[in-house]
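Student: Please give me a close look at the nonpolar interior of this model, and at the helices and loops that supply its residues. I would like one connected account that I can follow on screen.

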Amino acid sequence: MKHLVLHAGAAKTGSTLVQKALNANREKLGAKGYAVLVRHDYETATGGAHARWRRRGAGIENVALGFARLRDQLEHESLVLSHEDLFATVQSFRRGPVYRSAGDVLRLAVKELRPERITVLFYVRRQDRFVESAYLQTVRMGSTLTFEEFMEPVADEYLRWDVLVDQMRAALPDGADLRVKYFETIKTLGSRGFVRDFFAATGAGVPPTFSFNTESVNRGYSDVALQIALLGNGLLEKQDTQELRHFLDAHFSNLTHPPPRLLTPERRAGLLATLARSNEALHRGIGADGTSPYLPGAS
């Protein structure tokens with residue numbers, strides 16, 4: 001493989017927006033020699049091997065099998081793969097350090113896909129907002145846990161992005177291009193600017209064309225939607241909970257109703273204070289200018 005571009009999340013950092021843009025620009029990327037696979041494409045192409053590992057506890061050899069199956073099917077000389085759960089599920093930090101298998105997954109990708117050149121794109125999000133968004137995602141997918149129950153096994157140290165970035169860097173070969181970016185740049189760049197920045201970072205040389213409404217992508221549950229979902233998830237069958245999710249997205253999203261209040265102000269401040277040194281190390285490690293936007297008191 002000539003060039004492998006891996007967009008590996010993190011979850012809840014604009015992955016749906018990026019994937020819609022990749023889908024909309026398949027032909028342009030294909031003309032440059034790049035196949036495009038987003039999450040669902042990858043699961044289909046690899047026969048669900050990766051999902052057996054991250055969801056069902058099967059061995060990590062299933063990750064290697066998935067990459068090998070993909071290698072044998074590719075018809076382009078290069079690949080852009082976007083999968084926000086490539087390193088683990090969205091709630092991996094409930095079982096230990098966030099995405100602690102990232103290094104192993106990257107080593108297997110390099111071994112099985114054999115790229116001459118590799119670019120890894122990874123977005124981080126301030127930890128307080130990350131855990132809140134991750135919780136809401138699990139409720140969207142059918143969980144009935146309260147936020148307090150969801151957070152009970154989580155230690156603050158599990159949320160250290162700097163440790164994860166060091167693990168990713170150590171797993172990649174010399175000359176690999178690891179680009180770690182703040183999701184929060186979407187506030188200043190706007191949705192289209194965020195996508196343009198992503199496309200530029202891939203190194204594929206393809207500016208995006210927009211054929212979809214970028215402003216309608218990143219919606220989430222409002223507080224009232226959360227309360228309805230927690231009740232409905234405990235009473236309804238799986239198919240009915242999916243219909244409920246679509247209804248809540250359409251009529252009770254955070255675009256039209258107040259968002260949930262999950263972390264208390266004291267817990268939020270305490271989390272950021274505990275992780276302050278870690279976030280300073282992250283900021284230095286990724287070569288960002290100025291002061292970390294993740295320090296206590298940052299907006």
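**Inside the core**

Tutor: Let's start in the middle: 65 residues make up the largest nonpolar core, and F67, F87, Y99, F122 and W161 have the most contacts inside it. A nonpolar core here is a set of buried Ala, Val, Leu, Ile, Met, Phe, Trp, Tyr and Cys residues joined through side-chain atoms within 4.5 Å. Buried means under 20% relative accessible area, exposed over 50%, and partly exposed in between (1.4 Å probe, protein chains only).

The model is predicted, so local features need pLDDT of at least 70 and side-chain atom pairs count only at pLDDT 80 or more, while totals for chains, interfaces and linings use all residues. Residues are numbered from 1 along each chain as its sequence is written, and side-chain values use heavy atoms, with hydrogens and water left out.

Now put F122 at the centre of your view. Setting aside neighbours within four places in sequence, F122 is in contact (heavy atoms within 4.5 Å) with A8, G9, A10, F87, Y99, W161, L164, M168, R179, V180 and K181. F87, Y99 and W161, partners of F122, are also among the residues with the most contacts in the largest core. There is a second, separate core of 23 residues, which includes A21, Y34, A201 and V206.

Three of the partners of F122, namely A10, Y99 and W161, are good places to look next. A10 sits in the loop between β1 and α1; helices (H or I, at least four residues) and strands (E, at least two) are DSSP runs, numbered from the N terminus. The peptide bond that leads from G9 to A10 is cis, with omega near 0°. That same loop between β1 and α1 also holds K12, which is not a glycine yet has a positive phi, near 65°. K12 is partly exposed, because its relative accessible area is 27%. For context, most residues other than glycine have a negative phi, and most peptide bonds are trans.

Y99 also has a positive phi, about 50°, without being a glycine. You will find Y99 in the loop between β3 and α6 (102-113). Its relative accessibility is 0%, so Y99 counts as buried.

W161 takes you to a helix pair. Helix α9 (residues 161-171) packs against helix α14 (residues 276-285) at about 40°, and their axes are 7 Å apart. Axes are lines fitted to C-alpha atoms, for helices over the stretch in contact, and angles run from 0 to 180 degrees between N-to-C directions. The pair α9 and α14 is therefore oblique; angles under 35 degrees count as roughly parallel, over 145 as roughly antiparallel, 65 to 115 as roughly perpendicular and the rest as oblique. W161, D162, V165 and R169 of α9 meet S278, N279, A281, L282 and G285 of α14. By class, this contact has four nonpolar, three polar and two charged residues (Ala, Val, Leu, Ile, Met, Phe, Trp, Tyr, Cys and Pro are nonpolar, Asp, Glu, Lys and Arg charged, and the others, Gly among them, polar). Also in α14 is A276, which counts as buried because its relative accessibility is 15%. Beyond its neighbours within four places in sequence, A276 is in contact with L295 and P296.

Finally, turn to A21, one of the residues of the second core. A21 is buried in α1, as are S15, L17, V18, Q19 and L22. The buried residues of α1 pack against β1 (3-7), α2 (26-31), β2 (34-38), α3 (39-45), β3 (78-82) and α10. Helix α1 (residues 15-24) and helix α10 (residues 186-202) meet at an angle of about 40°, with axes 10 Å apart, so these two helices are oblique to each other. Their crossing is right-handed, meaning that the near helix is turned clockwise from the far one by less than a right angle, whereas anticlockwise would be left-handed. L17, V18, A21 and L22 from α1 meet I186, S191, F194, V195, F198 and F199 from α10. That contact divides into nine nonpolar residues, one polar and no charged. In soluble globular proteins, nonpolar side chains tend to be buried together.
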